[in-house]
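Below are some brief notes on the model, for your reading alongside the coordinates. They are arranged as numbered points.

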Amino acid sequence: GTEDEMKAEYERVKAQQTGDGDRKEYQARHILIKNEKQAKAALAQINKAQGKNFAQVAKAKSEDQGSKAEGGLLDWSDGSNFVKEFSEAMVKLNKGAYTKQLVKTQYGYHIIKLEDVREMQFPPFEQVKERIEQQLLAQKRDKAIEALRTAAKVE
């Protein structure tokens, strides 16, 4: 595969994966509390401070062991690895805002704050160049095999 072919393939895959640059990644914090009454109390506490105490409340009250110590901070994600209700609430938030209503999922009640949004990151060409080259070679090989099969089918 020539460099041009590889670049074209890279751009095609990148556009597909990032929705032509429309797909976003989100960095959120969340607080998970199984008991609704306690979750409402935590939300009231956050409302009172207009969300400025979100990380402190997460550290004190969240039942998500994975993110609690970090003040509820989650990794960057396009949302596809979160449960549906969580993702849907998260993507509607503006940067810096949090959910004014509890978000109920199979895990309990969440309060979600959107820390930041960015365009979906995609590895640079240099990083995936060899993989693309292998894919293009495999495609060419498949086409060649297909052509041979077709030729062999002639009675």
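**Notes on the fold**

1. Helix H2 (residues 36–48) lies across S1 and S3 and runs at about 45° to S3. Helix H3 (residues 54–61) also packs on the sheet, where it touches S1 and S3. The direction of H3 makes about 50° with that of S1. Please keep in mind that this is a predicted model.

2. The sheet under these helices is open and has three strands, in the order S1-S3-S2, with antiparallel pairing. Strand S1 (24–33) and strand S2 (103–105) are the edge strands, each pairing on one side only. On average, neighbouring strands of this sheet are turned by 45° against each other, direction ignored.

3. How many bridges join S2 and S3? Strand S3 (residues 108–119) and S2 pair over three bridges, in the antiparallel sense. Within this part of the sheet, Val103 stands opposite His110 in S3.

4. Helix H6 covers residues 125–152, which is 28 residues. At 1.5 Å a residue, H6 should span 40 Å, and its end C-alpha atoms are 39 Å apart, so the expected and modelled spans agree. There is nonetheless a bend of about 30° in H6, located at Arg131.

5. Which residues of H6 are buried? Phe125, Val128, Ile132 and Leu136 are buried in this helix. Helix H1 (3–18) is among the elements that cover the buried residues of H6.

Technical notes: Residues are numbered from 1 along each chain as its sequence is written. This is a predicted model: local features need pLDDT of at least 70, side-chain atom pairs count only at pLDDT 80 or more; totals for chains, interfaces and linings use all residues. Side-chain values use heavy atoms; hydrogens and water are left out. Two strands pair if DSSP finds at least two bridges between them. Helices (H or I, at least four residues) and strands (E, at least two) are DSSP runs, numbered from the N terminus. Axes are lines fitted to C-alpha atoms, for helices over the stretch in contact, and angles run from 0 to 180 degrees between N-to-C directions. Contact means heavy atoms within 4.5 Å. The expected span of a helix is 1.5 Å times one less than its number of residues. The bend at a residue is the angle between axes fitted to the seven residues ending there and the seven starting there. Buried means under 20% relative accessible area, exposed over 50%, partly exposed in between (1.4 Å probe, protein chains only).
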